[in-house]
Amino acid sequence: MENTEQTQKQEKKNKKLKAGIGAAIGTIAGSLVVAMLFNPPWKDNSFEGQMKKAAEEINKTCPVQLDEATRLDSASAVSAVGFNYYYTLDTTRMPMPMDSLRKYLPQHLITSVKNEPDMAAFRKNAVIVKYVYLGPGGDNLFEFAVTPAHYR
């Protein structure tokens, strides 16, 4: 009789141990699944990866006519600290001569990168934001890069 009681007690202990191990394994497996769903290892969480994703999102909406003469064609993350915007200018519809635009636009771009809330991550990570302006035929009209020296 005593052996039967001991055997039953041992079986209960074994069941509890198995249940505890199962619960621990289940908890770990569940945590890994949740981690994989919300932060998959193939997802690039680096700032460069975030910039690439931002460029992809911008490019999904391009081309975008911004005004009568300016069209945003695309964007690209060119390095860990470089982001480019590509525009086409319809030189026949520009509100000012090209020389005036070349003088006015850089200060406007600096002010935009320096003050726009959407540019805060670029400022925080010392990104060089380059603006490339092409003519209707694809010829390079001018480029301007806003560097950390401009906005810090």
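These questions and answers walk through a predicted model of one protein chain.

Visitor: What pattern does the protein chain follow, read along the sequence?
Guide: The chain holds five helices and five strands. Taken in sequence order, they give the pattern α-α-β-β-β-α-α-β-β-α.

Visitor: In what order do the five strands lie in the sheet?
Guide: The sheet is open, and its pairing is mixed. E1 (64-65) and E5 (140-146) stand at the edges, so each has a single partner strand and one side without a neighbour in the sheet. The order is E1-E2-E3-E4-E5.

Visitor: Which residue in E3 stands opposite Ser79?
Guide: Strand E2 covers residues 70-79 and strand E3 covers residues 82-89. The two form a hairpin with two residues between them. They pair in the antiparallel sense over eight bridges. Opposite Ser79 stands Gly82.

Visitor: And which residue of E3 stands opposite Ser76?
Guide: E2 and E3 run antiparallel. Ser76 therefore has its own place in the register, and its opposite residue in E3 is Asn84.

Visitor: In which sense do E3 and E4 pair, parallel or antiparallel?
Guide: Seven bridges link E3 and E4. One bridge pair is Tyr85 with Tyr131 in E4. The sense is parallel.

Visitor: How many of the eight residues of E3 are buried?
Guide: Across the protein chain of 152 residues, buried residues make up 28%. E3 is largely enclosed by the rest of the structure, because its buried count is seven.

Visitor: What angle does the direction of helix H2 make with that of E2?
Guide: H2 spans residues 47-61 and packs on the sheet. It touches E1, E2 and E3. Its direction and that of E2 make an angle of about 160°.

Visitor: What angle does the direction of helix H3 make with that of E5?
Guide: H3 spans residues 98-115 and also packs on the sheet. It touches E3, strand E4 (128-134) and E5. With the direction of E5, the angle is about 30°.

Visitor: How far does H2 reach from its first C-alpha to its last?
Guide: H2 has 15 residues. At 1.5 Å a residue, 21 Å is expected. The reach in the model is close to that, at 22 Å.

Visitor: Which residues of H2 are buried?
Guide: The buried residues of H2 pack against E2, E3 and helix H4 (120-124). They are Phe47, Gly49, Met51 and Ala55.

Visitor: Which element gives the most to the lining of the largest pocket?
Guide: The largest pocket has a volume of about 590 Å³. Its lining counts 26 residues, and the closest to its centre are Leu66, Tyr87, His108, Leu109 and Tyr133. H2, E3, H3 and E4 each supply at least two lining residues. With six residues, the top contributor is H3.

Visitor: Where is Pro63 found?
Guide: Pro63 is joined to Cys62 by a cis peptide bond. Omega there is about 0°. Pro63 lies in the loop between H2 and E1.

Visitor: What is the phi of Ala126?
Guide: Ala126 sits in the loop between H4 and E4. It counts as partly exposed, at 22% relative accessibility. Ala126 is not a glycine, yet its phi is positive, at about 55°.

Visitor: Is Met119 buried or exposed?
Guide: Met119 is found in the loop between H3 and H4. Its relative accessible area is 8%. The cut-off for burial is under 20%. Met119 is therefore buried.

Visitor: Which residues is Met119 in contact with, leaving aside its neighbours within four places in sequence?
Guide: Met119 and Val129 are ten residues apart along the chain, with their C-alpha atoms separated by 9.6 Å. The contact list of Met119 includes Tyr131, the bridge partner of Tyr85. In full, the contacts are Tyr85, Ser112, Val113 and Tyr131.

Visitor: What share of contacts between residues at least 6 apart in sequence join residues at least 24 apart?
Guide: The count covers contacts within the protein chain. The share is 46%.

Note on methods
Residues numbered from 1 in each chain as written. Predicted model: local features only at pLDDT ≥ 70, side-chain atom pairs only at ≥ 80, totals over all residues. Heavy atoms only, no water. Pairing = 2+ DSSP bridges. Helix = DSSP H or I, 4+ residues; strand = E, 2+ residues; numbered from the N terminus. Contact = heavy atoms within 4.5 Å. Axes fitted to C-alpha atoms, helices over the stretch in contact; angles between N-to-C directions. Expected span 1.5 Å × (residues − 1). Buried < 20%, exposed > 50% of the residue type's maximum accessible area, 1.4 Å probe, protein only. 1 Å grid on protein atoms, 1.4 Å probe; cavity = no way out; pocket = protein on both sides within 12 Å on 5 of 7 lines; lining within 4 Å. Points joined across faces, edges and corners; volume = space filled by probe spheres on them.
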